[in-house]
Amino acid sequence: DYMAIWLDDHRDDFLRLSLEREAPPDPVVCAQCQGSTIDKELFRCSSCFGRPVYCADCMRSKHDRDPFHRIERWSGKYFEDAWLKDVGLVLHLGHQGHACPKGKVEEPVETKEDHSDKEEEPDDIQTGRFRQSKPSGSKARMSCIVDVTGVHELPVMYCQCIPAVPHAHQAVALDLWPASFKRIKTLFTFRLLSDFRMDNLETKATAWSYFQKLRRVTNPAFPDGVPNRYPELRRVARQWRNILYRKWFGFGHEPRTPKQGEMALFCPACPQPGVNLPERWEEDKGNIIYIRQFAMDGNFSASHFKQVRNNDVSLTNGECYMTEEKTYKEYLAEYEGPEAIELECHNHRAVLDKNKAKTGKDITGIGATACAQHGCFCPSSVVDFEKGERYSYMDWSLSEALQTTHVASLTCGINNYDVNCAYCKHLRARFASNERLYWPDNFQVQPAIGLLHVHGHKEECMGRYAGSYIIGNGRTDGEIVESLWASLNDTSRSTQSASLPYRRETLDDSMGDSNWKKWLGIGEFSYTTEI
């Protein structure tokens, strides 16, 4: 009905009003000083509400605190793209955005292309020429600034006071993230980095596709003429994300390195002594509400291709959801237990792929442990596969989950795994024989198999491993990890050819976001021990 009403009664009016907006207002007066602009250049701000028109002086003064708005200039026949540098705007860093009393602003001049820094000089977005101010302390330096509104070119004036504050620090203090540190030529706004991270999490947009969108927003007719800052975006987005996690988990106020799993959210509802259990809970320790439920599974979509160069720098290593790499590899090198998970009755892909190494890949997939009731990834429990799903990989995943999810004082748990009829055999013996694996004292685990897979096993497996027949398991989705893979696979596809550190950090962020959504979706619940 709404569409029919719009089509019949409003479409023509909307078109007329939209066309009228392409012309200057009548009368043509500056929205700030109310002066006539007949004999002056007329500018319009596309980012301000209502797209008001200003004279050049008022446009400059009005946008001292909005330097990344997009503006247009009236050519006499139509509004054409312009930039705030065209009205003389200079971006001042230091002194909370005010001009430095020690500095003298002069017009930045064009010079020859300079490659003294590894980072490419910013192009002039309209002419394609390279621009840079002369190396003088009193000159404003032309810089490329990337914002959600597009890629901007603005003169930047740094504080000249003595003792000097590093230019990179001046930029960060005003919500600008530098792409380099010696002679800064490219800056990213905080809101752009936040927007890219949210796009990556929600729409799975890669850095490439996101920056291609920015180039089209900046210059729809000639996007290739916009400076390419895709490599810088990839690098800076990782730094931004790492700082966010350190702030969120309190390490900005604590001068120490985060430990295993300390920058990861876990389930707020699973029983965790010292975290969410009432006082004197141990007096009722045998109650089924204190049973910890795990779910394990492997994912062969999150693979990784071998890289010719693999010298990237890791910003995280075991603090989030992917396990600590060095210790994990040492454990695999020393492992002497059984490798293949042998099944007698179920044609499971984990078994079929157990000894297959994929051509051209150094990682064939990942394995993870999550809480079975609510589907939250366990911190530091996500491991890489070098071949198929093996005892050694999944033992490490379970061991890390037992260490990082506060189960030391609990006495009972249920572990859901689709190959549990084979995996659970000699489980405690494997853990006891390897000092690198952790098992809490007096903790007993009942194996279970999700209903999706239990029907493919022998008949006797149904009564032994079906979760519906296990006391305390409740109506648990033993295959809940499969639902987590569905979202993670969209992210993992974009990391198959990335560096290993980039892949780990991107998957960590995606899993952290998954757990955060679980937090938001868990409602209030009150329980009673009375029947």
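A salt bridge here is a side-chain nitrogen of Lys or Arg within 4 Å of a carboxyl oxygen of Asp or Glu. With that rule in hand, look at the predicted model above: Glu 41, Arg 73, Glu 80 and Asp 86 are linked in a network of such bridges. Across the model, the count comes to 26 salt bridges.

Let's start with one pair from that network. Glu 41 and Arg 73 form a salt bridge, and their closest N and O atoms sit 3.1 Å apart. The pair joins distant parts of the chain, since Glu 41 belongs to the loop between helix 1 and strand 1 (43-45), while Arg 73 is in strand 3 (residues 71-74), 32 residues apart. The two partners fall into separate burial classes. Glu 41 has 44% relative accessibility, so it counts as partly exposed. Arg 73 comes in at 18%, and because buried means under 20%, it counts as buried.

Now step over to the neighbour in sequence, Glu 72. Its salt bridge partner is Arg 44, with the closest N and O atoms 2.9 Å apart. Glu 72 lies in strand 3 and Arg 44 in strand 1, so this bridge ties together parts that are 28 residues apart in sequence. How much of each residue is accessible? Glu 72 has a relative accessibility of 13% and therefore counts as buried. Arg 44 is at 3%, so it is buried too.

Another bridge spans a longer piece of sequence. The side chains of Lys 517 and Glu 202 meet at 3.0 Å, N to O. Lys 517 is in helix 15 and Glu 202 in helix 4 (residues 190-202), which puts the two 315 residues apart. Lys 517 is partly exposed at 40% relative accessibility, and Glu 202 is partly exposed as well, at 46%.

Helix 15 is also a handy way into the helix packing. Helix 15 (residues 500-521) packs with helix 6 (residues 230-248) at an angle of about 45 degrees, and their axes are 11 Å apart. That angle makes helix 6 and helix 15 oblique to each other, and their crossing is left-handed.

For a second packing pair, find helix 7 (residues 325-334) and helix 9 (residues 391-404). Their axes come within 10 Å and cross at roughly 140 degrees. Why call that oblique? Only angles over 145 degrees count as roughly antiparallel, so helix 7 and helix 9 are oblique to each other. The crossing of helix 7 and helix 9 is right-handed.

Next, a loop residue. Asp 477 sits in the loop between helix 13 (459-465) and helix 14 (480-492). With a relative accessible area of 42%, Asp 477 is partly exposed. Its C-alpha atom is separated by 8.7 Å from that of Ala 295, although the two residues are 182 apart along the chain.

Finally, back to the N-terminal end of the numbering for some nonpolar surface. Met 3, Trp 6, Leu 7 and Phe 14 make up a nonpolar patch there, with about 430 Å² of accessible area together. One of them, Leu 7, is part of helix 1 (residues 2-20). Leu 7 has a relative accessible area of 43%, so it is partly exposed.

Key:
Residues numbered from 1 in each chain as written. Predicted model: local features only at pLDDT ≥ 70, side-chain atom pairs only at ≥ 80, totals over all residues. Heavy atoms only, no water. Patch = residues over 30% accessible without salt bridge, like charges linked within 9 Å, V, L, I, M, F, W, Y side chains within 5 Å. Areas by Shrake-Rupley, 256 points an atom, 1.4 Å probe, with all protein chains shown as cover. Helix = DSSP H or I, 4+ residues; strand = E, 2+ residues; numbered from the N terminus. Buried < 20%, exposed > 50% of the residue type's maximum accessible area, 1.4 Å probe, protein only. Axes fitted to C-alpha atoms, helices over the stretch in contact; angles between N-to-C directions. Parallel < 35°, antiparallel > 145°, perpendicular 65-115°, else oblique. Left-handed = near helix turned anticlockwise from the far one by under 90°.
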